[in-house]
Every structure is written in C-alpha cells, then in structure tokens.
Amino acid sequence: PAARKAGRATGEGDVETYGVTLSHPEKVLFPEQAITKAALAAHYAAYMDRMLPHVIDRPLTLVRCPQGRAKKCFFQRHPEGMPDRMRRPIGEDDGDAIVVTAPGDIMELVQLGVLEIHLRGARADRPDRPDRLVFDLDPGEGVDFEAVKDAAVTVREALAELDLLSFVKTTGGKGLHVVLPIERRTPWDEAKAWTRALAEKLAAAEPDRFLTKMAKAQRKGRIFIDYLRNDTKSSAVAPYSTRSREGAPFALPVSWDDLARLKTSQPVHVGEIAGGDPWAGIDETRQSLTSARKSALGI
Ligand code: ATP
Ligand code: MN
Ligand code: MN
C-alpha cells in the first residue's frame, strides 16, 4: 500500500506517516475489500491537501470502528483518548470538542480506527456562527438517484435565485448534500429557520417531489429535504470522509457539471483517486443571509 511506501518503518511492522505511528497497519477495517489501516491512511494521504481545509478547526463527530466496520462501531465527539492538541474547549457544558489542525491529526484518527469524520457547520473559535449550511437530500423508498440529482439542482437554483452560490457532494450513502458557504454573521437559530423556510417553500411548490418532515413513513416516493443538520451540535459527513458502509465508499465533492454524469452517491471507493478539486474557491465565497435574503423567504 502507498502509505507503507510513503511512511518510514518504525519496527515491529509499525508505519510512520505525517509524524504519527500507525500500529497494526495490516489490520483489516473493511473486510469485504480487505482494506487495511495502511490503505485507509493512504486514502487520507492522497486527499489530504483537498480535505484538510474543510475539516480544520471544526468540532468533529467521529464514527470509530477499532475492529473494523463489521464489528462494534461507536460515535465519539469528545476527545477522550486523543492527544491534547486535538482537544478544544468551545464553551459547552458537556465537554471539549475534538478538532484537527494538521495532517498528522487526520492520521491520528486513522490510528484510532475512525471510519467516518463528521463536521459541524461552524468553526471552533465561533461555534455559534455557522459558515457552512447543508441541505441534506434523503431519498425515500422507490426514489432513484436521477431524482436526487434533480433535487440537488432544484435546491441550487432556488439558492441562485437569491444570488447564492452552492456546492454539492455525494455522501457515500444514498443521497446528496448541497452545501451553502456563508459568512459568519448569522446565529444558528436564524440560519436554521432560513434553511427551513427554503425547504418548506420547495416542498409547498412540489409536494409530490419533496417533504420537510422527518417521518419515514411519509417519505415513500419523495425526497426529504433535511434542513435539521443546520443546528449547533448537528453535523454532516466531511468531504472525502470514508463511510463505514458496504463497498468502502467515501463522500466526494463534485462539480455541478460532473453531477449530471453520476449514477450513484457512491461513485468512488477507498483505493480510487478522483481528479480535480471541484470545491476549490468555496472558502473565497463571500455571501451571507442578509435581511433581503431573509425577507425573500418570509422571515
Ligand atoms: P445518506 O446520503 O445515505 O443520507 P448521510 O450522511 O446524509 O448519508 P443521514 O442519515 O442523512 O446520512 O444523516 C445526515 C448527517 O447527519 C450525517 O452525515 C451525520 O453527520 C449526521 N447523523 C446522522 N445520524 C446521526 C447519529 N445517529 N449521530 C450523529 N450524527 C448523525
Ligand atoms: Mn442524508
Ligand atoms: Mn438526513
């Protein structure tokens, strides 16, 4: 595996990568594909430059599967068992956040058997002011991926009508995430209300296509526009994060042009390299939920 070649052996089969020692690099984490910890490290090494800017300084929720995805996995959002540099107080009474600030921190997550990295929509220095909002499109039973793609385009167009630029990624699951970068001006409650208003507007216009209620029973044949990700402690899967799902897929930013050609939300798998960086420029986007954009949605 690439990580083994790139890394420096430290004895006993351990591998060093970005200053972090990976123990048991041969441990199999995705048994169906025999993907090892070293191969997982190679995945994150390959995407490091593109991924890190999106992940850095953001409170994380992790899915850890120390014995691989077939065994017990658990969520973690506090830094127990992690290096002190990854601990960040964010003024919440239930404890400190986990943050990464350097490539080695991503490798530390690999070392800990993290198979999914999820991000908050705000950064740790101002957890009350989001800079990334997400429209999480969740297809109900019987909805094909073409319809999910169309839904993403519909959300994009609704945002474009308000002069807002948006980005799209596959989740590595069934749906898509449309991501709206905003300046850190709007508090969470207003941002959430705004995303809710947009989702409800789309659902009201086309109730056969969309719904905004969580109830799974009502989802059949329709797409749930999940705006509920837009909350202080909620998260969404990170760009390039692997998923602990069958096939070892990962979340992939795509350009709106390339979206048209996708057949599933799992176009790539660990071990495959996608070219380009369709989200380059997302951090230069300067736009916010102005009062004009609020009143356009009736809030
Ligand atoms: P899919 O495309 O299959 O829907 P997804 O990542 O969007 O994949 P969802 O179930 O829609 O999965 O969840 C959206 C996001 O909400 C996830 O990416 C994750 O960050 C967060 N999430 C969902 N369930 C949980 C949970 N039980 N605990 C913590 N976070 C969760
Ligand atoms: Mn989803
Ligand atoms: Mn969802």
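## A tour from a strand pair to the ligand

Begin by selecting Leu 62 and Gln 76, for Gln 76 in strand E7 is the bridge partner of Leu 62. This is a predicted model, so what follows describes a prediction throughout. Widen the selection to the two strands, and you will find E6 and E7 paired in the antiparallel sense over 3 bridges. Adding E10 and E16 to the selection brings up an open sheet of 4 strands, which has the order E7-E6-E10-E16 and antiparallel pairing. In this sheet E7 and E16 are the edge strands, each pairing on one side only.

Next, colour by confidence before going further. The mean pLDDT of the protein is 95, and 96% of its residues reach 70 or more, while the model as a whole scores ipTM 0.92 and pTM 0.95. Residues 1-7 call for caution, since pLDDT stays under 50 over that stretch, for which the model has 20 contacts beyond four places in sequence.

From strand E7, follow the chain into the loop between E7 (74-76) and E8 (87-88), and select Pro 79, which is found there. Is Pro 79 buried or exposed? With 19 C-beta neighbours inside 10 Å, Pro 79 counts as partly exposed, because a residue is called buried only if 20 or more other C-beta atoms lie within that distance. Leaving aside neighbours within four places in sequence, the contacts of Pro 79 are Met 86, Arg 87, Asp 96 and Ile 98. If you also display Thr 61, which is 18 residues from Pro 79 along the chain, you will find their C-alpha atoms separated by 10.0 Å.

Now move to helix H3, residues 103-111, where 7 of the 9 residues are buried, so the helix is largely enclosed by the rest of the structure. The buried residues to select are Asp 105, Ile 106, Met 107, Glu 108, Leu 109, Val 110 and Gln 111. Around them, show strand E2 (14-17), strand E3 (20-22), helix H2 (37-55), strand E6 (60-64) and strand E10 (114-119), since the buried residues of H3 pack against these elements. Just after H3, pause at Gly 113, which takes a positive phi of about 75°.

For a wider view, colour the protein by its two domains, domain 1 (2-119) and domain 2 (128-299). Their C-alpha centres lie 25 Å apart, and the contact between them takes 24 residues from domain 1 and 17 residues from domain 2. On the side of domain 1 that touches domain 2, H2, E6 and E10 each supply at least two residues, and H2 gives the most, with 10 residues. By class, that side of domain 1 has 15 nonpolar, 5 polar and 4 charged residues.

Finally, select ligand 1 and the 15 residues that surround it, of which the closest are His 118, Thr 171, Gly 173, Gly 175 and Val 237. Strand E11 (132-139) and strand E16 (236-237) are the elements that give two or more residues to this shell. By class, the shell around ligand 1 has 3 nonpolar, 7 polar and 5 charged residues. Where does ligand 1 lie with respect to domain 1 and domain 2? With the domain colours still on, you can see that both domains give residues to the shell, so ligand 1 lies between them.

Terms used
Residues are numbered from 1 along each chain as its sequence is written. Chains are lettered from A and ligands numbered from 1 in the order in which they are written. This is a predicted model: local features need pLDDT of at least 70, side-chain atom pairs count only at pLDDT 80 or more; totals for chains, interfaces and linings use all residues. A residue is buried if 20 or more other C-beta atoms lie within 10 Å of its own, exposed if 12 or fewer, and partly exposed in between; C-beta atoms are placed from the backbone. Two residues are in contact if their C-beta atoms, placed from the backbone, lie within 7 Å. A residue is near a molecule or strand if its C-beta atom, placed from the backbone, lies within 6 Å of it. Ala, Val, Leu, Ile, Met, Phe, Trp, Tyr, Cys and Pro count as nonpolar, Asp, Glu, Lys and Arg as charged, and the others, Gly among them, as polar. Domain bounds come from an automatic or database domain assignment. pLDDT is the predictor's confidence in each residue, from 0 to 100. Two strands pair if DSSP finds at least two bridges between them.
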